[in-house]
Structure formats: structure tokens, C-alpha cells
Amino acid sequence: MIQKKICMIGASGVGKTSLIAKFVHSMFSDKYLTTVGVKIDKKTVSVDGSEVMLMIWDLEGDDDYQRLQTSYLRGTSGYLLVADGTRQITLDQAIEIQGRVVAAIGPLPFLLALNKADLAPQWEIDEARTDSLSARGWRSFKTSAKEGAGVEEAFIELGRMMTQSK
Amino acid sequence: MPDLDRDSPAGAVLEALGFAVFVRDKSGALRLSGTPPDWLRSIWPDVASAASLPIDHASPFLENFLVDAGGCWSAGGEKRARSGPWVEQAADGIELSLEATALTAGGQAILLLERLGEIFEAKKSMLQKARETVIAYQRLNSEMQKKEILLNCISEEMNAALANVITSLRLIEMEKNPAQIAQLLSLASRATEEQQTLINKVLNVFAAELEGLRGRNGMAIAEAKLGDALLAAEENVASQFADKGVRLSITGNGLAGIRVAMDSTHLTRVLSTLLENGLQSAPAGDEVRLNFAEESGSILIRVTDNGPSFPKDICANLFSRATTATPGPQALQLPFQFCRIAVENCEGEIGYESRKDGGNSFWIMLPTLAATK
């Protein structure tokens, strides 16, 4: 079976852990519990007929208290860059973090997850912004760890991108 | 380096501190020194019997860290490498926070595994609070930016009305014809009333937000009787309905005793706003319908009219806090924003539907308290 390492990257409180909880355990909690350090989960998915074991590294959010440790990215095949759609600043942070990731490990397949899509009235990221990212070749998914929308699709699509990129 | 005897002072200290000590042998395997702590056995039960840490299968995190550890051991001296915290799950499902340190001692490569305890939990708790504060600050900052835009839009609306008043007064000053003066006075008076209405709407919105914030901080739960709020709202709009010749038709008898967890003045204001809006849309001589129905622990209140539907671009942001629209729709949104805030504060929902056969339908769903019919 193919095994691929994925890292969850983004600012604090954007929902990285919640996305994993939804994807791996079909669970969601409204309560925010910060991640300190790293936790690894595994899930096998079917990508274009092949079984792929995703080893998902949930990394502590990048902020003034803890910067992303690039040594954790070693051996990763791709990453899910997560931003909170209800806090535009987290998209700016995601873009900045992605620059550091590329500087550390080079270009790798990644997807941008604009999370908390269930909170439509508070949504702060307009289409012009996502269109400009698309023009740079960024692929993005609107996800809701609460309702599950886009979650599985994002992980499987990332799995596909990783298996296609040798 | 000899094995650490659990009875030796050094071994006892390390055990008491929750450390597991591994020494790298000539083959590169990490061999456990001393007695494995219970937590180590709970994660990797075979460690004690194998006496070496089967790293390839034990932990992907450790496998990754051993690259950094190798660099540290090669450098020798006092150099240390720390893994940072990570979580492993014990066989019983309990998650344990660990940290690894690589160092060289007595010429041997050592790997210390530590179960993180109270200090780590305290740090985690501090980070939790700090990050919650940062997120709250970011949300507040964003809300303030939106309010600033909203205030700019309001200022523009007020300036427009004020400009009408000033122009009318200047023209009156120059005008000698009494009929023209009367017409100009009427224009100025209308502009002043428009301005007053706008100011009142703004004050209502901000007062409601303030009260909402106070409510979230632990004030007693508000309560309103639907029937009383409805009567008060009817009284508020009665003269306006009479002026336009529009009938108000209310259906849903028997539910007037229902109580909801909302301040009664807020509920009255929400209902008045929806009725006023229905009145504005309804053609003269037509009717506005208010219907309420009970739905599994909630009350659904719907206000419909036969007037022209809202344009699609306005519908999309009718209740939104987004304030990028032009000044016109902003003024329209203000009372609906208040309604949304008031309804959501009591865990209710509000919505708008453009009716297929023409007209508008606003609805609110409010959780009910125990009904007293």
C-alpha cells in the first residue's frame, strides 16, 4: 500500500485539528482546544482505485508563540494549508507560512482549505481574493469541519495530487 | 555507559521524573537502559522485552526526530536536540504528551524520552488562553473595521439628508412666493424627519448590540410572551397601516401564551420592524399577513406581503454584517441587522424568501420556553 505523509499547516484556531477529527473520526466539537506540539493520525483512502494510507501530521498553529518547525515537514508528500474563512488575517498568514514552507522544503503538492464554511454570515474572504490565488495556481476548497462539507474531498484530492506527483 | 539501575540514585531520579533512557549501541539500535517506566510500556508494550526501541514501527514522529538526533550525536560535545512535544496514544486510548531529547554523555549517544507533566499542562493552558485572546482580538478588530465602514455609510446618508435641509432653507431665504416657501418647508421638514428616522435606527442597532453583549456575559435570561409583544408591535404600526389603508391579518390563534427567551422590548421591536417593512412593500389598500406556528420546541413567525421583491444583490446581504454595499442598501440593512442580532442572541434564526408569485416573506424561528396556553 502506498503511504503518504501530509502536514496540516496554518495559523492558530483555523480548525486544522477539527478537520482531521472530522475526516478520521467523523467527530466535531465547537470547543476550541489548542494543539501544542504534534499529533499523528492515519487513514486509508481510495484514490483513483488505489489504496493510499495517509499519515496526517497535525502541527501546532503558527503564531507569535510558536513558529512552524520545518523539521516536522521532512518527508512530507504534500500539505493542507488551512485558513479560517471568518478571519481574513488567517489567509494572509497562510500565504506567508506557505512561502516559508517552500523555502524550507521546496515546491510540493498542497491545497488551501478555507475552513468554517458553515459560518456564512461571518465569512470575510471574497471571491476576488480566491480568484487571485487561483491565478497563482493555488487550488482551494471551502471546508466545514462542523458539517463535513468539502473535508473528505480536500483530503482525497490532495492524495490524488501527491500520487500523481512523483 | 552501564545500565541505569532503578535502585541507584540516578536511576531513581530519572524514573521519578518520568524519563526513559535509551543508549545507542554499535549497531545503531536504541537500547533501553534501566527499567522502563509504566507509561512507556503502555505505549510500546514490547519495549521492555525487546530491550531496544523498534523505532521504525514505534513512532513516525521519533523516526523523524532521529534525523536531528543523529546530527546532534555526530557533533558530540554539549550539543542537544529537542523534539518538541508530541502526542502518542496508549493501548487503553489515553493520549500522552511526550518529548525527546538527544544528547551525548560519557561518549555515548543518549535518547531521553520524557512524559510531559504539570509544567507542560500549565504551558498548554497558558497557550490556550493566549490564543483564545488573540482570536477574540482579531474578531473584535474585524468587527470594528466593519463598523467604521458602516459609520461612513451612515454619515453619507445623514449628509445627504442634511444637504437637502440646508438647500431648502437657503431657497426659502431668497423666495418670496408663499406657495413656493410652503413647498420648500415641506421638503426641509421631510428631509429632517428622514434624518431623525435614520438616527433612531442607528441608535437602536447599537443599543441592541450593547445589550446583546451584556447578555452574553451572564445576565439573567430574558423572557417575552409572544402575545404581549405582538400586541405592542400592532400598536406601534397601527397608525401607519391606517394611513396607507393596508390591512394586518394575523393567524395562529392559541399560541399567544408562548414564551420565548428574548427581551420583550427586543421581540416587540423585531416584530414591529418586520411589519413596518411589510407595510412599506405592500401596495396601498393591500394586506400584510403575520402567521405564527409551533414547530417542535420553536415558534415560527412569518410576515408576508405582496409588494415588489428585494433585488437579488440586496437579498444576499440582507442580514449580513458585511458593509461593502453602497449607502442605500446599508440604511435598509440596519433594522434587519438588529433583528438578526436580537434573534441570534436567543439562539433563533431569521431568514428571507422572495415569493414565487411576487412579494416578500420574512421569517424568524425562536426557541420557546415552556408554553403557558
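These are my notebook entries on chain B of a predicted model.

**Overall look**

I started with the whole chain. Chain B carries 11 helices and 13 strands. Of its 373 residues, 43% count as buried. For contacts in chain B with a separation of 6 or more, I noted that 61% link residues 24 or more positions apart. The exposed area of chain B comes to about 19800 Å², and carbon and sulfur atoms supply 54% of that.

**The sheet**

Next I pulled up an open sheet of 5 strands. Its order is β8-β10-β11-β13-β12 in chain B, and the pairing is mixed. At the edges sit β8 (247-251) and β12 (349-354) of chain B, each pairing on one side only. From one strand to the next, the twist averages 15°.

I then checked how β11 meets β13. Strand β11 (residues 298-305) of chain B runs antiparallel to β13(B), and 8 bridges join them. One pairing I wrote down: Val303(B) has Phe362(B) in β13(B) as its bridge partner.

**Helices across it**

Two helices got a look here. Helix α8 (residues 226-244) of chain B lies across β8, β10 (287-295) and β11 of chain B, at about 165° to β8(B). α9(B) lies across β8, β10, β11 and β13 of chain B, and I have it running at about 170° to β13(B).

**Two residues up close**

Ser361(B) is in strand β13 (residues 360-367) of chain B. Is Ser361(B) buried or exposed? Its relative accessibility is 2%, so Ser361(B) counts as buried, the cut-off being under 20%. Its side chain makes a polar contact with the side chain of Arg302(B) at 3.0 Å. Beyond four places in sequence, I found Ser361(B) in contact with a list of residues including Val303(B), Thr304(B), Gly351(B) and Tyr352(B).

Asn277(B) belongs to helix α9 (residues 264-281) of chain B. Asn277(B) also counts as buried, because its relative accessibility is 6%. Which residues does Asn277(B) contact, leaving aside neighbours within four places in sequence? I got Phe310(B), Phe336(B) and Phe362(B). Phe362(B) is the residue I already had down as the bridge partner of Val303(B).

**Cores**

Last, the nonpolar packing. In soluble globular proteins, nonpolar side chains tend to be buried together. The largest nonpolar core here has 50 residues, and Ile9(A), Trp44(B), Leu111(B) and Leu113(B) touch the most other members. Helix α5 (residues 60-75) of chain B gives the largest share of this core, 7 residues. I also logged a second, separate core of 41 residues, with Val288(B), Ile301(B), Ala342(B) and Cys346(B) among them.

Key:
Residues numbered from 1 in each chain as written. Chains lettered and ligands numbered in written order. Predicted model: local features only at pLDDT ≥ 70, side-chain atom pairs only at ≥ 80, totals over all residues. Heavy atoms only, no water. Helix = DSSP H or I, 4+ residues; strand = E, 2+ residues; numbered from the N terminus. Buried < 20%, exposed > 50% of the residue type's maximum accessible area, 1.4 Å probe, protein only. Polar contact = N/O pair within 3.5 Å; in protein donor to acceptor, adjacent residues only side chain to side chain. Contact = heavy atoms within 4.5 Å. Core = buried A, V, L, I, M, F, W, Y, C linked by side-chain atoms within 4.5 Å. Areas by Shrake-Rupley, 256 points an atom, 1.4 Å probe, with all protein chains shown as cover. Pairing = 2+ DSSP bridges. Axes fitted to C-alpha atoms, helices over the stretch in contact; angles between N-to-C directions.
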